[in-house]
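I opened the notebook to look at a two-chain structure, one stop at a time. Here is what I looked up, in the order I did it.

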There are 2 protein chains.
Amino acid sequence: MRAEPRPRAQRREDALRRLGEEIDCWVASADEAGNAHLVPFSYYWDGAAIVLAMPPGNRTAVNLLRAGVGRIALDGTRDVVLVDGTVEHGADTTTIEAYVAHSGWDPRTGPGEYVWLRVVARRIQAWREANELRGRTLMNDGEWLPLDA
Amino acid sequence: MRAEPRPRAQRREDALRRLGEEIDCWVASADEAGNAHLVPFSYYWDGAAIVLAMPPGNRTAVNLLRAGVGRIALDGTRDVVLVDGTVEHGADTTTIEAYVAHSGWDPRTGPGEYVWLRVVARRIQAWREANELRGRTLMNDGEWLPLDA
């Protein structure tokens, strides 16, 4: 039996809890020719952005820094949380240490160089099944939509 | 405790089983400006291609038909199956009926028009954890790699 569509307040609470708790996400990016790339990465949600670390030559890093935007999904095709964001280069020490504590992985200890990227949420969508497609936008243009909808 | 890396034969068997059994996938595509798009879709694996159905105006459809390529992942950031493929427009009746039987959803009964797309696998990669990154390519340029590796 299909569940009733969740109201926006519930979707926002669920999405923020999952963003805070989960470790991995799917990062979609594209090059200037329009070739899509898609790879999973560990992340940390700092309350405004998805924080990522990767080698500077990584195709996702090159794409994100070129385009200035990226689209990220949590795992789960039947409990979708999608974040479109603008890319900022760099993260402060507090953020980096929170990333390490959250992911259990410290890129600073590896042999190679890593860049830190923050994909700052501008649009967040959440839905489970087709009956939740309507009302799936929780944040638009960086602003949370009203909760009494 | 981390599992031993699977040999290629095992990864191929696992990937083909999951491609055959699962219902949803993540489809990454991009427009001509290099903006990445990412949405889950139901699919059917016909043995060579991931078969998708979507409205012709859907952003993923427009992107896939323009670019002629797409990148698709099964769900599961810790059990990755990634397919890069070339896009073919249309599917025969046998394929469409297999899609309907597999997904439990018949786009032909909906109110709107649907296009059928086949993303023909040219490259397939599979890995679980970092220790499986080496050897993750199972198919390249449309050819399965030798299994005795």
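**Entry 1: a residue in a helix**

I began with Asn63(A), which sits in helix H2 of chain A. Everything here comes from a predicted model, so I treat it as such. Is Asn63(A) buried or exposed? Asn63(A) has a relative accessibility of 4%, so I wrote it down as buried. Next I asked which residues Asn63(A) is in contact with, leaving aside neighbours within four places in sequence. My list reads Ser29(A), Ala30(A), Asp31(A), His37(A) and Gly68(A).

**Entry 2: a tryptophan in chain B**

I moved to Trp116(B), and found it in strand E7 of chain B. Its relative accessible area is 9%, and because buried means under 20%, Trp116(B) goes down as buried. Who is in contact with Trp116(B), once neighbours within four places in sequence are left aside? I noted Val51(B), Leu52(B) and Ala53(B), then Glu88(B), His89(B), Gly90(B) and Ala91(B), and finally Ile96(B), Tyr99(B) and Pro107(B). I also looked up Pro55(B): its C-alpha is 8.9 Å from that of Trp116(B), with the two positions 61 residues apart along the chain counted as their separation.

**Entry 3: helix H3 of chain B**

Ile96(B) and Tyr99(B) had turned up as contacts of Trp116(B), and both are among the buried residues of helix H3, residues 93-103 of chain B. The others buried there are Thr95(B), Val100(B), His102(B) and Ser103(B). What covers them? The cover includes helix H1 (8-21) and strands E2 (36-42), E3 (44-45), E4 (49-54) and E7 (115-127) of chain B. Strand E7 is where I had placed Trp116(B). After H3(B) comes Gly104(B), and I noted its positive phi, near 75 degrees.

**Entry 4: how the chains are related**

I then laid chain A on chain B. A turn of 180 degrees with a shift of 0.0 Å along the axis does it, at an RMSD of 0.0 Å. That is how a two-fold axis relates two copies. Which C-alpha of chain A is nearest the axis? It is that of Gly34(A), 2.1 Å away from the axis.

**Entry 5: the interface**

How many residues does each chain bring to the contact? I got 31 from chain A and 31 from chain B. For chain A, 100% of the interface residues are also interface residues in chain B, so the copies meet through the same surface. The buried area between the chains is about 2,200 Å², and carbon and sulfur atoms give 61% of that. Trp26(A), Leu38(A) and Thr77(A) stood out: they supply 27% of what chain A buries against chain B, more than any other three residues.

I also looked for polar pairs across the interface, and the rule finds 12 residue pairs in polar contact. Several elements of chain A each give at least two residues to the side that touches chain B: strands E1 (24-30), E2 (36-42), E5 (69-74) and E6 (80-89), along with helix H2 (59-67). Sorted by class, that side has 17 nonpolar, 7 polar and 7 charged residues.

**Entry 6: salt bridges**

My search over all chains turned up 33 salt bridges. Across the interface of chain A and chain B there are 2.

I started inside chain A, with Arg18(A) and Glu22(A), whose closest N and O atoms are 2.6 Å apart in a salt bridge. Arg18(A) is buried at 11% relative accessibility, whereas Glu22(A) is partly exposed at 23%.

Then I went across the interface. Asp24(A) forms a salt bridge with Arg78(B), with 2.4 Å between the closest N and O atoms. This pair runs from strand E1 of chain A to the loop between strands E5 and E6 of chain B. Asp24(A) counts as buried at 10%, and Arg78(B) as partly exposed at 39%.

Arg78(A) and Asp24(B) also meet in a salt bridge, at 2.4 Å from N to O. Here the pair goes from the loop between E5 and E6 of chain A to strand E1 of chain B. I have Arg78(A) as partly exposed at 39% and Asp24(B) as buried at 9%.

Last note: salt bridges with shared partners tie Arg6(A), Arg11(A), Asp14(A), Arg17(A), Arg18(A), Glu22(A), Asp79(A), Arg128(A) and Glu132(A) into one network.

Conventions:
Residues are numbered from 1 along each chain as its sequence is written. Chains are lettered from A and ligands numbered from 1 in the order in which they are written. This is a predicted model: local features need pLDDT of at least 70, side-chain atom pairs count only at pLDDT 80 or more; totals for chains, interfaces and linings use all residues. Side-chain values use heavy atoms; hydrogens and water are left out. Contact means heavy atoms within 4.5 Å. Buried area is the accessible area (1.4 Å probe) that two parts lose on being put together, summed over both. A salt bridge is a side-chain nitrogen of Lys or Arg within 4 Å of a carboxyl oxygen of Asp or Glu. A polar contact is a pair of N or O atoms within 3.5 Å; within protein, one must be able to donate a hydrogen and the other to accept it, and residues adjacent in sequence count only if both atoms are side-chain atoms. Helices (H or I, at least four residues) and strands (E, at least two) are DSSP runs, numbered from the N terminus. Ala, Val, Leu, Ile, Met, Phe, Trp, Tyr, Cys and Pro count as nonpolar, Asp, Glu, Lys and Arg as charged, and the others, Gly among them, as polar. Buried means under 20% relative accessible area, exposed over 50%, partly exposed in between (1.4 Å probe, protein chains only). Copies are superposed by least squares on the C-alpha atoms of residues with pLDDT of at least 70 in both.
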